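Colleague: I'm new to this one, so could you take me through a single part of it in some detail? I'd like to hear about the place where the ligand sits, and then whatever else helps me find my way around.

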Amino acid sequence: LYFLSLKIYSLPSGKLSPFRTVSNLLKTKRFSSFMKTALYFLIFSLAFLFCGKIEASRKISSINEYWHFLCNESSDAMNVDFDDSTWNIVTIPHTWNSMDAIDEISGYYRGIGWYRKSVFIPQENENEEVTIFFKGANQEVELFINGQSVGRHTGGYTRFSFNITKFLNFGKNNLFAVKVDNSHNENIPPLSADFTFFGGIYRDILLIYTNKQHISTTDYASSGVYVTTPEVNENKAKVCLRSLLTNTDKYPKSVYVEHTFFSPEKEVVSVVSKQIELQGNSEKYEDNQETIIESPKLWSPGSPHLYTIFTRIYDSDTKELLDEVVEALGLRWFEFSSEKGFILNGKPLKLIGTNRHQCYEKTGNALSDEMHVRDVMLLKSMGGNFLRVSHYPQDQTVMEMCDKLGIITSVEIPIVNAITESDDFDRNSLHMAKEMVFQDFNRPSVVIWAYMNEVLLRLPNKEDAIKKKKYLTAVNRLASEIERQIRKDDPDRYTLIPCHGNFNEYDNAGLTNIPMLIGWNLYQGWYGDTFGKFENFLDIAHEKLPDVPFIITEYGADADPRLHTLEPVRFDYTAEYANLYHEHYIQAMKERSFVVGANIWNLNDFHSEERNNAVPHINNKGITTTTRELKDTYLQYKAMLFSEPVVLIGGSNWKIRGGNAGLDYTCRQPVKVYSNLEKIELFVNYKSLGVSEVKNNIACFEVPFTDGENVLEAVGFSGDRKINDLLKVDFRMISYDLKDTILPFKEINVMLGSKRYFEDKQSGVIWLPEKEYSKGSWGYVGGKSYVKRTRHGTQPASDLDILGTNNDPVFQTMRMGIEAFKLDVPQGQYTLCFNWAELQGCATDKLIYNLGDDEIQDEFSGRIFDVIVNGEKMIAALDIASVYGNQRAVMKKVVVNVYDEQGITIHFKSIKGETVLNAIRVYKNY
Ligand code: GCB
Ligand code: CA
């Protein structure tokens with residue numbers, strides 16, 4: 001009712017619309033708010049009574065459903081009479097790579113896909129204009145309607161639109177056919193990147209019906225209204241509006257362009273309007289108007305007040321509402337300085353948040369609006385105030401949420417790793433920058449436009465000095481062109497280039513002088529070096545470029561949500577190592593005021609098909625998982641950033657633990673509690689473990705876990721308000737003495753050569769690190785752990801994709817030269833499950849993102865061995881690699897009856913090369 005009545009009452013009548021008269025009246029101080037409310041109510045009720053039908057001036061609706069889809073090229077699929085009855089039916093958002101990007105076959109389909117749909121266009125819209133809007137399709141699109149080509153678009157991450165009126169048959173079905181191509185194209189960024197280029201129409205498709213006179217729908221698929229706020233302070237805000245108007249009629253028309261400003265409380269605070277003579281066939285007539293908003297309610301992360309602007313055009317003669325566009329407006333001013341950092345509305349604000357990739361488990365990039373919303377909410381409820389929308393512009397929903405929730409953003413075009421030295425590449429890049437800037441032009445959340453992520457990571461001509469120089473010159477020239485264009489199109493925002501941690505390379509190439517801000521993507525203590533090298537880099541970079549404000553645009557460490565350890569080391573993919581990494585980085589950044597902002601890499605674990613890792617095809621640097629479960633790192637940041645009291649027990653997604661019992665039948669393991677309170681008391685199974693001080697948002701405890709369910713409760717006080725968190729842990733205890741009758745042996749799962757714990761969430765079992773055999777207990781005899789050697793040192797596990805299993809980490813470590821594995825179990829029947837995968841001698845591709853941390857192969861000429869269980873040869877002459885190939889999970893079960901004091905002794909006898917065992921599971925049948 002409210003909005004309907006607004007439409008009526010803002011109809012212009014002569015020079016003053018009744019609405020403007022009222023709104024002017026309302027602005028006078030004499031009106032109490034009660035009176036205002038009463039008056040509004042009266043007007044709106046009257047409006048509703050007197051007015052019968054209200055014509056919507058612009059109709060927007062999605063056409064996402066029921067597309068016929070073919071994952072292949074077809075030379076005549078654009079034709080109306082083409083038979084697509086055998087094609088699949090899909091719903092947009094859609095990608096054709098959700099499964100082949102995570103399967104065991106390397107690569108994913110990069111080619112052409114066709115979408116076809118019959119769309120009925122009503123006769124009653126005959127005199128209207130119809131625009132089709134694609135919010136995103138990767139990466140080249142050609143649209144056909146009724147067999148005719150409508151247009152093409154290049155680039156997988158920005159929106160695009162076509163006026164399709166002249167291709168339509170009104171009152172009939174119209175055949176829409178969309179050809180989408182995600183093939184590699186050297187002229188379209190990104191050329192390569194550490195994320196999967198999911199193909200398909202993965203964001204909404206909309207149809208927009210307008211009158212012939214309308215606000216332009218085809219200016220870089222923007223809203224057609226551009227808002228700037230050249231002056232904002234506590235007293236007033238000057239707002240300028242540039243609207244583009246279209247008249248597709250051949251006759252001129254006199255129209256009114258009116259902008260009505262609503263306060264965050266939905267009161268009208270300003271109305272400006274102008275009469276315009278719109279020529280016939282004018283495509284983008286530019287109208288400029290401005291207004292002043294007194295005592296503006298400022299937009300900030302703490303209070304993201306949003307005004308709304310209704311831009312309407314009316315027929316001057318008939319007073320008919322011709323078109324209407326609604327935009328949000330946030331009033332704020334900001335500044336970056338290398339000394340003071342980021343200043344918002346006059347106050348310094350340290351920017352801390354994340355990057356975000358737009359994918360989800362088994363869904364690829366084809367996310368629903370609600371899934372996008374959830375992600376931004378996750379960042380907000382962590383206390384984050386900063387999002388690097390990387391490495392490409394994202395769905396409108398994401399940006400809308402940033403405006404609404406108060407998240408400062410940096411948006412970038414997807415030039416990643418490298419450029420192609422071609423005019424087409426330049427042109428496509430510049431066009432993407434235009435689309436990015438104009439599509440998110442009005443968003444208060446956006447303060448930075450960025451481009452060229454780590455563009456010097458993949459120098460094509462490293463060895464050839466002349467070619468290298470030519471390449472670097474081309475990069476510099478393109479960067480300068482993009483910079484110039486963005487600054488011209490949007491002089492009010494900052495620009496940024498995110499660089500990798502090779503200061504000199506970027507500095508020598510002149511790239512550090514081009515943008516207004518520099519971003520550094522830093523991984524010291526992950527891809528190489530130690531944590532301390534992080535602050536070294538920061539200090540040197542600051543010393544060399546004291547006047548350039550900089551942001552840590554990326555930092556992070558991989559953590560497979562299933563892996564844990566009590567002895568964290570680099571590249572073990574455990575939560576515990578990632579926790580240490582972030583603890584260190586947080587302190588170093590806090591201590592340096594010249595670090596203006598930081599974006600964790602990444603909000604979520606994301607797809608990167610070329611990667612191996614503990615979880616193949618996934619980059620695990622997220623602080624949440626691919627299904628958005630919270631990792632410890634998320635809790636850590638929440639404790640640091642969130643404004644309300646926080647008490648969160650670490651390891652919240654480590655639900656099944658295990659370990660060896662001490663003499664008191666407990667197993668002590670560390671647990672961290674993340675909090676912003678001073679002290680935390682931890683209760684374990686309802687008994688207090690004592691109080692611990694919170695240092696740097698962490699309280700540490702050694703928890704004596706007992707067998708079975710353990711209930712942990714952490715308690716803190718904020719004043720006299722009790723804040724707590726509960727965690728239930730299922731602990732699988734192994735007695736030291738396997739013949740124990742108090743804690744009888746049931747099963748054990750051991751990863752050889754490993755210091756990691758692996759929680760197999762699919763089957764609910766916990767795998768333990770190895771230990772050496774001692775009498776009465778269990779463990780290995782002889783041999784040594786496999787280590788992966790790289791240029792930057794060693795890694796504790798392989799990261800090969802182990803074929804035939806989802807439990808890759810179980811197979812990614814091994815004990816080489818093992819003589820025996822023994823368990824002094826009591827008599828009974830047991831099943832032994834041997835797990836092998838050959839990790840040595842595997843040819844691997846060098847992965848650019850490893851920054852040189854790729855495996856250096858040891859000499860290896862194969863292995864053959866027997867497996868003898870309690871004197872019986874159970875597996876003869878096992879030759880894993882020749883029979884099953886490398887890096888494939890080989891699982892063999894053996895049943896053994898154990899008599900008297902015999903226990904289980906498994907001997908490994910070499911026939912050739914070193915014996916080996918990756919993992920073993922032993923359980924008691926009877
Ligand atoms: C980077 C890249 C990003 C990668 C990340 C990583 O520097 O900008 O795309 O995903 O490192 O995890 O290696
Ligand atoms: Ca694949």
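Modeller: Here is the ligand site, followed by a few other spots to look at and a word on confidence. Keep in mind that this is a predicted model.

Let's start with the residues around ligand 1. There are 13 of them, and the ones that come nearest are D194, E454, Y527, E554 and K621. If you sort the shell by class, you get five charged residues, four polar ones and four nonpolar ones.

Now for the polar contacts. Three side chains are worth clicking on, each with an N or O atom facing a ligand oxygen. For E554, the distance from its side-chain N or O atom to an oxygen of ligand 1 is 2.6 Å. E554 is also among the residues that come nearest to the ligand. For N453, the distance between a side-chain N or O atom and a ligand 1 oxygen is 2.9 Å. With Y523, an oxygen of ligand 1 lies 3.2 Å from an N or O atom of the side chain. As for how covered the ligand is, ligand 1 on its own would expose 320 Å², and the protein buries 96% of that area.

Away from the ligand, a few backbone details are easy to miss. One is the cis peptide bond between P189 and P190, where omega is about 0°. P190 belongs to the loop that runs between β9 (172-181) and β10 (205-210). Another cis bond goes from S390 to H391, with omega near -10°. You'll find H391 in the loop between β23 (386-389) and α5 (396-405). Then there's Y66, which isn't a glycine but still has a positive phi, near 60°. Y66 sits in the loop between β1 (59-62) and β2 (67-70).

Further along the chain, look for an open sheet of three strands, ordered β45-β48-β55 and paired antiparallel. Its edge strands are β45 (784-785) and β55 (916-917), each of which pairs on one side only. Two bridges link β45 to β48 (residues 815-816), again in the antiparallel sense. Within that sheet, S785 stands opposite R815 of β48.

Last, how far can you lean on all this? The protein has a mean pLDDT of 93, and 93% of its residues reach 70 or more. Two stretches call for caution. Over residues 1-31 pLDDT stays under 50, and the model has 69 contacts beyond four places in sequence for that stretch. Over residues 43-54 pLDDT also stays under 50, and there the model has 15 such contacts.

Note on methods
Residues are numbered from 1 along each chain as its sequence is written. Chains are lettered from A and ligands numbered from 1 in the order in which they are written. This is a predicted model: local features need pLDDT of at least 70, side-chain atom pairs count only at pLDDT 80 or more; totals for chains, interfaces and linings use all residues. Side-chain values use heavy atoms; hydrogens and water are left out. pLDDT is the predictor's confidence in each residue, from 0 to 100. Contact means heavy atoms within 4.5 Å. Two strands pair if DSSP finds at least two bridges between them. Helices (H or I, at least four residues) and strands (E, at least two) are DSSP runs, numbered from the N terminus. A residue is near a molecule or strand if one of its heavy atoms lies within 4 Å of it. A polar contact is a pair of N or O atoms within 3.5 Å; within protein, one must be able to donate a hydrogen and the other to accept it, and residues adjacent in sequence count only if both atoms are side-chain atoms. Accessible areas come from the Shrake-Rupley method with a 1.4 Å probe; for residues, only the protein chains shown count as cover. Ala, Val, Leu, Ile, Met, Phe, Trp, Tyr, Cys and Pro count as nonpolar, Asp, Glu, Lys and Arg as charged, and the others, Gly among them, as polar.
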